[in-house]
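Please open the model in your viewer and keep the selection tool at hand. The tour below moves from one selection to the next and says what is found at each stop.

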Amino acid sequence: MATSMPSNANCTSPENSSLQSCADHSVAELLAHLSVSTPPAAATSMAAAASATSAAPTPVYAIPASGAHNHSELSAFITQEYDATWAHFSSDELITAVKAQLSATAPAQQCHGLNAWQTMLCLEKLSLEQLTALSQWCTQHCAPQEASLCSIVNVKSGECTENCHWCAQSRHYHTGAEVYGVKSGAECISAAQQCYEHGVAMFSFVASGRKQNKNELNELLNTIDEVREQVPIKLCASLGLCRADELKTLYAHGIGRYHCNLETAGSFFAAVCTSHNQGDKLKTLEAARDCGMELCSGCILGMGESELQRIELSQQLRALHIQSIPLNFLHPIAGTPLAQQHKLSFAEIVRAVCIFRLANPQAHLRFAGGRALLTAAELHAALSAGVNATIVGNLLTTVASTSIADDREMFLQHDYTLPPLPASTADVTPHS
């Protein structure tokens with residue numbers, strides 16, 4: 001779960017120079033690049049809109065090289081969602097329209113996040129300051145105002161058969177990552193109890209591998225049971241591409257949430273992993289939801305994907321109604337194919353948070369892997385733009401940058417509420 005994309009100033013690296021090229025594009029030019037067939041009136045409207053906003057700062061899009069990626073999903077988004085009225089809006093009119101759309105449903109109902117076309121217009125027409133302010137408004141009016149804290153334990157490490165290009169635990173790469181089998185409950189209980197006593201709501205068991213074999217799953221169930229019996233904390237699991245029957249068993253043992261990152265846009269996934277596909281992940285998420293689990297699924301930003309593909313992924317998560325979305329920023333690991341990737345720029349980080357917030361207004365957007373690489377200014381800008389959750393403590397093969405107490409203070413500085421700290425685990429009856 002490490003995690004970051006080249007800045008626009010240095011858009012390619014020796015490892016991925018064939019994957020993408022850099023160019024400035026208006027919405028109309030983006031459509032032309034994607035070979036989308038648009039009605040003449042639409043093309044005229046877009047050209048007028050592009051001309052009307054030419055004085056505004058021009059966003060820089062990292063567009064994949066011709067033929068490198070399948071843009072069918074993006075083309076479908078654009079052609080189906082094009083709205084001539086929105087295309088004519090000035091920046092102020094666009095902001096008003098977005099607020100009206102996000103305010104159209106009652107708080108208890110599903111809020112309609114922006115579609116891909118609307119998101120593209122916001123990125124094209126609004127300055128970074130306007131975009132951030134709009135995303136902040138969306139967070140304040142639609143998203144949970146109580147910050148969500150969760151923690152993970154690397155319950156089995158290394159020797160993964162998959163070839164995910166970002167991962168230190170893949171057996172395909174020489175990274176020096178630790179290798180060990182399933183941890184016992186005794187090894188996990190103290191970590192879970194410490195999290196509970198610091199007001200952390202969710203404790204997640206994360207295991208390396210495409211999926212767990214029968215013996216490993218049985219060991220994991222024993223570990224889960226021991227933690228559940230001793231600590232009154234909600235439990236999550238990230239155990240790979242589990243079958244429906246395995247997920248039902250996990251649910252019966254107290255796992256209330258399942259985590260499976262989509263990682264990146266469907267049109268880019270094969271560029272960073274070929275040992276499985278995104279369809280495998282979607283099947284796992286659907287099966288987990290069918291058995292009653294909450295879902296957690298997000299991304300790794302900065303692996304070489306374009307900004308358009310970030311929009312694409314935000315729409316995939318929107319369609320799934322994911323309520324916990326981890327935002328990993330690539331932490332390049334020596335020995336992996338993405339070791340030379342450059343850190344995202346300040347503007348790219350903020351714009352990415354805005355993309356996911358405007359498409360998923362009611363979700364917890366969660367700092368995850370790679371946050372230790374962000375500067376204080378980038379952290380606070382991301383919080384202002386819509387991050388309202390975080391993974392606390394150490395991550396899988398990297399460490400977090402702050403203590404749980406510091407994380408709580410960080411959210412308080414941004415006017416979020418936090419769950420009260422329990423007096424002690426002895427005062428609360430563990431889950432039955």
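Begin with the lining of the second largest cavity in this predicted model, a lining that divides into nine nonpolar, five polar and two charged residues. The cavity holds about 130 Å³ of space, and of the 16 residues that line it, those to select are Cys150, Ile152, Ser204, His259 and Cys296, which lie nearest its centre. If you then colour by secondary structure, you can pick out the elements that give two or more residues to this lining, namely β3 (148-156), β4 (202-207), β5 (234-238), β6 (255-259) and β9 (324-329).

Next, move to the largest cavity, where about 440 Å³ of space lies. Select Ala207, Gly209, Ser238, Glu263 and Lys281, which are the closest to its centre among the 23 residues of the lining. By class, this lining is made up of 10 nonpolar, nine polar and four charged residues.

From the cavities, turn to the largest pocket, which has a volume of about 360 Å³. Its lining consists of 20 residues, and the ones to select, being the closest to the pocket's centre, are Val200, Ala201, Met202, Lys234 and Pro419. Here the lining divides into 12 nonpolar, four polar and four charged residues.

Now select Phe205, Leu250 and Tyr258, the residues that touch the most other members of the largest nonpolar core, which has 97 residues in total. Helix α13 (residues 346-359) gives this core its largest share, eight residues. Staying with Phe205 and setting aside residues up to four places away in sequence, you can show its contacts, among them Val153, Val155, Cys188, Thr223, Leu235, Ser238 and Ile255. A second core, separate from the one just visited, has 11 residues, including Phe268, Cys273, Met303 and Leu330.

The next stop is Ser297, in the loop between β7 (294-296) and β8 (299-301). Is Ser297 buried or exposed? Its relative accessibility is 0%, and therefore Ser297 counts as buried. Beyond residues up to four places away in sequence, Ser297 touches Cys260, Asn261, Leu262, Leu285, Leu317, Ile322, Ser324, Ile325 and Pro326. For a distance to draw in the viewer, take the C-alpha atoms of Ser297 and Leu282, which are 9.9 Å apart in space while the two residues are 15 apart in sequence.

One of the contacts of Ser297 is Cys260, and this residue leads on to the cysteines. A search of the whole structure finds zero disulfides. Why is Cys260 not bonded to Cys242? The sulfur of Cys242 is the closest cysteine sulfur to that of Cys260, but the two are 8.9 Å apart, which is too far for a bond. Cys291 is likewise in no disulfide, and its nearest cysteine sulfur, that of Cys242, is 9.9 Å away. Cys260 counts as buried at 5% relative accessibility, and Cys291 is buried with a relative accessible area of 13%.

Finish at Leu128, in helix α7 (residues 128-142), which is partly exposed, with a relative accessible area of 28%. Once its neighbours within four places in sequence are left aside, Leu128 is in contact with Phe346, Ala347, Val350 and Arg351. As a last step, draw the C-alpha to C-alpha distance from Leu128 to Glu348, which comes to 9.8 Å in space although the two residues are 220 apart in sequence.

Notes. Residues numbered from 1 in each chain as written. Predicted model: local features only at pLDDT ≥ 70, side-chain atom pairs only at ≥ 80, totals over all residues. Heavy atoms only, no water. 1 Å grid on protein atoms, 1.4 Å probe; cavity = no way out; pocket = protein on both sides within 12 Å on 5 of 7 lines; lining within 4 Å. Points joined across faces, edges and corners; volume = space filled by probe spheres on them. Nonpolar A, V, L, I, M, F, W, Y, C, P; charged D, E, K, R; others polar. Helix = DSSP H or I, 4+ residues; strand = E, 2+ residues; numbered from the N terminus. Disulfide = S-S within 2.5 Å. Buried < 20%, exposed > 50% of the residue type's maximum accessible area, 1.4 Å probe, protein only. Core = buried A, V, L, I, M, F, W, Y, C linked by side-chain atoms within 4.5 Å. Contact = heavy atoms within 4.5 Å.
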